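Student: I have a structure here and a list of labels attached to it. Can we go through the labels and ask what justifies each one?

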Amino acid sequence: MSDQDEQKIVLQTEATLLQHYQDIAHQLNSSDSVAEAKAVLEPIYSQPEATQVAFLKLLAKQHNTEAADIIQAMYTLNENKEIRKEARRRLIQLEGEDIYADWTIPSGPSLTEAMANLANSEKTETDPFVAELQSLFGQAEGMMQQPEYLDVVSDFIESWAAEDFETAYRSLSTQSPLRAGLSEDDWISSRIEWTNITTPDDPNIAFAQPVEDECGPERAVVTVGWSLRLSAEATTILPEVPVATLAFKETGRHWFWTRYTLVLENDQWVILDASDEAANARQLTKDEIGERVQALNELIGDEEKLIEAELGDEDEDEDDEFDEDEDEDEDEDDDEVGMQEALLANALGHMGSMVGLMSQALNYYDALIAQAPEESGDIYKEAFNIAGSVFDIERAAYYAQQLAEKVPAERGTALRNLAYSYHSLAAKFHNEEDHEQEEHFEALVEPTIRQALAVEDSPENQILLATILIQQEKDLDEAESYLRKAQKGPLSKEDSIDVAMGLAELAMQREDNEQALHHFQTLSHLSPDDAQVWYRIGYLEHQLQHLNKAREALEQSIQLDPSLTEAYSELASIYLIEGDDKKAREVARDGLEENPEAADMYATLALIYMNSGDFRSAHKYLTQGEAIDSEDEFLQEARERYNVENKQQKSQQQRGPNKNKHHNKAKKK
């Protein structure tokens with residue numbers, strides 16, 4: 001059979017699979033076991049590797065959930081490492097377009113049964129598929145232990161906030177006072193009227209914690225910390241919406257703490273009642289609240305120890321890996337990755353528990369604040385720190401606002417923390433592409449820190465204002481004056497680092513490379529393990545033509561942080577300048593091996609091949625990079641350069657033979 005015939009068959013196979021991909025996705029989502037899911041995928045798995053890879057690429061171009069489901073299943077269940085790598089690339093591509101798979105691996109035996117089966121298996125080698133299952137079992141262990149009634153509460157809050165009141169109503173017991181004796185239609189109508197005024201949005205559940213002493217086979221009690229944004233205050237009260245523990249007026253975010261009672265009806269968990277847990281907490285004495293916070297702190301400490309143990313085990317495994325014979329790396333790679341993913345998944349589970357416990361503690365702090373707002377300076381500050389730790393920036397901003405208003409002695413520090421919070425919120429809304437909110441909070445940052453500086457002319461406030469001005473690229477002389485003033489101290493080590501970084505950034509904006517290098521060298525002594533600092537030193541040494549020093553700094557940066565792809569690119573460019581294309585390729589390939597999903601590393605390799613005139617290889621790497629992240633700016637620049645230079649090369653090749661032809665004719669004459 002000719003190559004053309006083989007290619008024709010491959011294309012026909014791809015087209016046939018693509019024609020039926022929606023049916024395949026439907027069967028996948030209907031499968032009840034891993035074996036059934038693999039059987040559904042068998043028509044794909046039976047194809048050659050090249051056909052499967054091409055099919056994955058075609059699926060990604062469909063831009064829908066059904067295609068993502070098949071890609072996810074192939075990534076999860078395929079035993080071929082190359083297929084799994086390609087599937088992962090396509091999932092990342094789709095995620096960049098906000099397209100996610102709904103398919104999850106079918107539930108099978110319990111974790112204990114699965115591990116027992118693996119332990120009793122006569123098979124001594126662990127193949128990639130089993131390694132992947134071990135990883136998935138490890139990640140799922142926490143979810144398997146989660147009571148079903150927790151999902152009922154979460155679904156109720158989320159469906160209610162999404163104005164899916166039909167689902168919310170049916171989550172309630174027929175005897176629930178939350179129904180207020182209304183029919184389903186009347187209950188829904190009253191909620192629609194309420195939401196037309198308040199427009200609830202962006203619900204968030206911080207924790208859902210069973211009250212163990214009150215849970216049994218047919219009854220459960222759960223306390224839930226949750227929040228959502230409201231555009232206006234309600235004019236009527238709904239029984240399922242308690243009084244907010246606090247509200248941040250800048251975004252309309254309201255926080256609630258609710259106690260839900262659930263019962264079994266017709267073998268289904270439903271919500272019987274809900275009460276305001278925050279109101280209950282406010283009835284406690286200060287000592288009683290302190291005891292409960294102390295108990296939570298002890299639990300948080302236990303979770304921290306578990307996280308350290310999990311991550312410590314992972315570090316030990318990584319150390320052991322270096323001691324093994326390199327020839328065994330390929331055989332044990334999948335097993336090692338699977339076990340590391342399981343350890344990480346367990347650690348993340350403990351982190352989630354710790355975040356929930358810290359969020360619970362915040363509700364008790366709110367109760368203490370409610371009892372004596374003007375006497376709660378230390379509580380405001382501690383609550384601000386905890387809210388920041390659990391990434392609840394809106395809540396942190398609220399505490400900073402209240403501290404500035406209620407405790408005059410802390411106003412300077414509070415306003416500085418508030419400016420930090422506004423800056424973080426601007427970044428958050430930027431990432432969410434809510435540019436109206438981004439601009440709103442960005443506009444609040446500078447005036448807030450100037451207020452802080454007027455109240456308290458401290459080095460911390462001077463440094464923050466200078467940093468904001470530098471980021472905005474305005475009033476650079478004023479920014480430098482604040483940094484020079486802050487240098488007089490007293491400064492903590494962190495403040496000294498911030499001053500040196502500010503002066504370095506100023507010099508960079510003024511294109512004073514020698515002065516910038518001086519400040520980054522100062523930073524290298526203050527923060528010797530900062531890979532970014534060493535990268536900046538390498539970049540500046542390169543700009544100043546100190547190539548040996550540049551190489552040393554960039555190699556140090558890579559050693560400290562192998563994920564810093566720009567350091568590989570900069571180091572490769574130095575070898576290109578020196579005419580060592582081979583070494584440049586080695587550096588770029590090292591970077592790609594460490595960062596296989598980094599589009600800019602593909603761009604770097606493409607540029608290296610373009611430099612040597614190998615436009616075919618350059619095109620290959622550009623295409624691979626674009627499959628991962630076509631929006632990467634460096635990759636786009638490399639593609640533009642490729643288009644220009646490739647066109648020039650082809651033009652020269654076309655002119656070349658004609659010139660020789662005319663030259664030969666002239667020579668004959």
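Student: Why is Arg-259 called buried?

Tutor: This is a predicted model, so what follows is computed from its atoms. Arg-259 has a relative accessible area of 18%. Buried means under 20%, and therefore Arg-259 is classed as buried.

Student: What makes Glu-214 and Arg-259 a salt bridge?

Tutor: The N to O distance between their side chains is 2.3 Å. The rule asks for a side-chain nitrogen of Lys or Arg within 4 Å of a carboxyl oxygen of Asp or Glu, so the pair qualifies. The two residues belong to distant parts of the chain, 45 residues apart: Glu-214 is in the loop between β1 (201-210) and β2 (219-229), and Arg-259 is in strand β4 (residues 253-265).

Student: Is Glu-214 buried, partly exposed or exposed, and why?

Tutor: Its relative accessible area is 33%. Partly exposed is the class between the 20% and 50% limits, so Glu-214 is partly exposed.

Student: How many salt bridges does the rule give?

Tutor: The count is 26.

Student: What makes Glu-394 and Arg-229 a salt bridge, and why is the pair said to tie parts together?

Tutor: Their side chains meet at 3.2 Å, N to O, and the limit is 4 Å. Glu-394 lies in helix α16 (residues 393-406) and Arg-229 in strand β2, so the bridge ties together parts that are 165 residues apart in sequence. Both Glu-394 and Arg-229 are buried. There is also a network of salt bridges that links Asp-202, Arg-229, Arg-253 and Glu-394.

Student: Why are Glu-645 and Arg-641 said to be separated by about one helical turn?

Tutor: They are four residues apart in helix α29 (residues 633-668), which means a separation of about one helical turn. Their side chains meet in a salt bridge, 2.7 Å from N to O.

Student: Which exposure class do Glu-645 and Arg-641 fall into, and why?

Tutor: Glu-645 is at 24% relative accessibility and Arg-641 has a relative accessible area of 37%. Values between the limits of 20% and 50% count as partly exposed, so Glu-645 is partly exposed, and Arg-641 is partly exposed as well.

Student: Which residues gather in the surface patch of negative charge, and what makes them negative?

Tutor: Glu-97, Asp-98, Glu-433, Asp-629 and Glu-631 gather there. Asp and Glu count as negative.

Student: Why is Glu-433 called exposed?

Tutor: Glu-433 is at 65% relative accessibility. Exposed means over 50%, so Glu-433 counts as exposed. Its place is the loop between α17 (411-431) and α18 (435-455).

Student: What sets Asn-266 and Asp-267 apart in their backbone?

Tutor: Most residues other than glycine have a negative phi. Asn-266 has a positive phi, near 55°, and Asp-267 has a positive phi of about 65°. Asn-266 is located in the loop between β4 and β5 (268-276), and Asp-267 also lies in the loop between β4 and β5.

Student: Why are Asn-266 and Asp-267 called exposed?

Tutor: The relative accessible area is 75% for Asn-266 and 69% for Asp-267. The class begins over 50%, so Asn-266 is exposed, and Asp-267 is exposed too.

Student: How do you know that the bond between Gly-489 and Pro-490 is cis?

Tutor: Omega is about 0° for that peptide bond. Most peptide bonds are trans. Pro-490 is in the loop between α20 (476-487) and α21 (493-509).

Student: Why is Ala-37 called buried, while Pro-43 counts as partly exposed?

Tutor: Ala-37 has a relative accessible area of 0%, and buried means under 20%. Pro-43 is at 41% relative accessibility, and partly exposed lies between the 20% and 50% limits. Ala-37 is in helix α3 (residues 34-45), and Pro-43 is in helix α3.

Key: Residues are numbered from 1 along each chain as its sequence is written. This is a predicted model: local features need pLDDT of at least 70, side-chain atom pairs count only at pLDDT 80 or more; totals for chains, interfaces and linings use all residues. Side-chain values use heavy atoms; hydrogens and water are left out. Patches are made of residues with over 30% relative accessible area and no salt bridge: like charges are joined within 9 Å, nonpolar side chains (Val, Leu, Ile, Met, Phe, Trp, Tyr) within 5 Å. Accessible areas come from the Shrake-Rupley method with a 1.4 Å probe; for residues, only the protein chains shown count as cover. The place of a charge is taken as NZ of Lys, CZ of Arg, CG of Asp or CD of Glu. Buried means under 20% relative accessible area, exposed over 50%, partly exposed in between (1.4 Å probe, protein chains only).
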